[in-house]
Amino acid sequence: RVRIEMPEWEPTNDDSDPGHINPSGFIDDRHNRATFELMKILRDQGIELTASIWQAPDWLVENPGDESPRTIARSMYPEAIESIAAWLLHAKQQYGVEVDYVSFNEADIGITVLLTPADYVEMIRLGGKRFAELGLKTKWLLGDCSSLGGCLDYVKPIWAVEDIRPYLGPFSFHNWDGTRAGDQTISDIGDWASEQSLETRCTEGG
């Protein structure tokens with residue numbers, strides 16, 4: 001699991017058309033270049049890849065003065081998807097690496113981008129369609145929640161929207177509350193995932 005460093009990748013909007021990727025507006029340098037090179041090494045070893053977004057650039061969010069949580073206006077979702085899609089496409093075309101899954105890290109609590117379940121549904125819907133149009137096989141993690149507790153409440157409304165299911169990969173969560181969550185919470189997660197026939201992953205352990 002690697003990071004898409006969006007503020008470095010697209011520090012200013014490439015252009016006013018989210019349907020057009022202007023290559024000059026995206027910067028393959030610093031953290032992102034190291035990530036592309038690392039992914040190539042990992043892919044050559046047969047390792048599956050997930051790319052997650054922590055930070056969003058100031059121009060993309062409604063509250064650039066805040067560090068966390070930050071919000072993206074619905075009107076800017078196409079621009080957010082364009083930036084992510086450009087990163088994934090660049091990895092594929094320039095480094096021969098296709099990313100398996102993508103996510104916003106801990107969007108349920110806004111570390112650092114906050115997405116409600118309804119927000120995430122729209123982001124997944126737009127992203128899934130755009131990725132497919134560009135010939136990318138990348139899917140979205142379902143959840144990538146901040147903890148075990150509360151994750152089901154977050155992902156169930158997302159999973160209930162059936163038209164986005166083709167764009168979804170494994171159900172995922174972090175276990176920073178692993179010593180506090182309790183056996184019942186863990187059992188509930190396992191039972192629900194099994195009922196939905198969803199592969200389940202802990203994408204951060206602590």
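Student: Before we get to the aromatic cluster, when do two rings pair, and what makes a pair stacked or edge-to-face?
Tutor: Rings of Phe, Tyr and Trp, the last taken by its six-membered ring, pair if their centres lie within 6.5 Å, and planes under 30 degrees apart count as stacked while those over 60 count as edge-to-face. Please keep in mind that this is a predicted model.

Student: Okay, which residues form the aromatic cluster?
Tutor: One aromatic cluster is formed by W9, F26, F36, W87 and Y95.

Student: And how many aromatic pairs turn up in the whole structure?
Tutor: The search of the whole structure finds 11 aromatic pairs. One of them joins F36 and Y95, whose ring centres are 5.0 Å apart with 25° between the planes, and this pair is stacked.

Student: Where do F36 and Y95 sit in the chain?
Tutor: They link distant parts of the chain, since F36 belongs to helix α2 (residues 30-44) and Y95 to helix α3 (residues 77-95), with their positions 59 residues apart.

Student: Are those two buried or exposed?
Tutor: Both F36 and Y95 are buried.

Student: What about F104 and Y120, why is that pair edge-to-face?
Tutor: The planes of F104 and Y120 stand at 75° and the ring centres are 6.2 Å apart, so the pair is edge-to-face. This pair, too, links distant parts of the chain, with F104 in strand β3 (residues 101-104) and Y120 in helix α4 (residues 117-133), 16 residues apart.

Student: Why do they count as buried?
Tutor: The cut-off for buried is under 20% relative accessible area, and F104 counts as buried because its relative accessibility is 0%, while Y120 counts as buried because its value is 1%.

Student: Switching topic, what pattern do the helices and strands follow?
Tutor: The protein chain has 6 helices and 6 strands, and along the sequence they follow the pattern β-α-α-β-α-β-α-β-α-β-α-β.

Student: What radius of gyration does the chain have, and what would a compact globule have?
Tutor: The protein chain has a radius of gyration of 17 Å, which agrees with the value near 17 Å that a compact globule of 206 residues would have. Its C-alpha trace spans about 50 × 40 × 30 Å along the principal axes, and buried residues make up 50% of the 206 residues.

Student: Last one, how many charged side chains are there, positive and negative?
Tutor: There are 18 positive and 35 negative side chains in the protein chain, and the centres of the two sets lie 4 Å apart. As for the surface, the accessible area comes to about 9300 Å², of which 49% belongs to carbon and sulfur atoms.

How values were computed:
Residues numbered from 1 in each chain as written. Predicted model: local features only at pLDDT ≥ 70, side-chain atom pairs only at ≥ 80, totals over all residues. Heavy atoms only, no water. Helix = DSSP H or I, 4+ residues; strand = E, 2+ residues; numbered from the N terminus. Rg over C-alpha atoms; globule rule 2.2 N^0.38 Å. Buried < 20%, exposed > 50% of the residue type's maximum accessible area, 1.4 Å probe, protein only. Areas by Shrake-Rupley, 256 points an atom, 1.4 Å probe, with all protein chains shown as cover. Lys, Arg positive; Asp, Glu negative; His and termini not counted. Charge placed at Lys NZ, Arg CZ, Asp CG, Glu CD.
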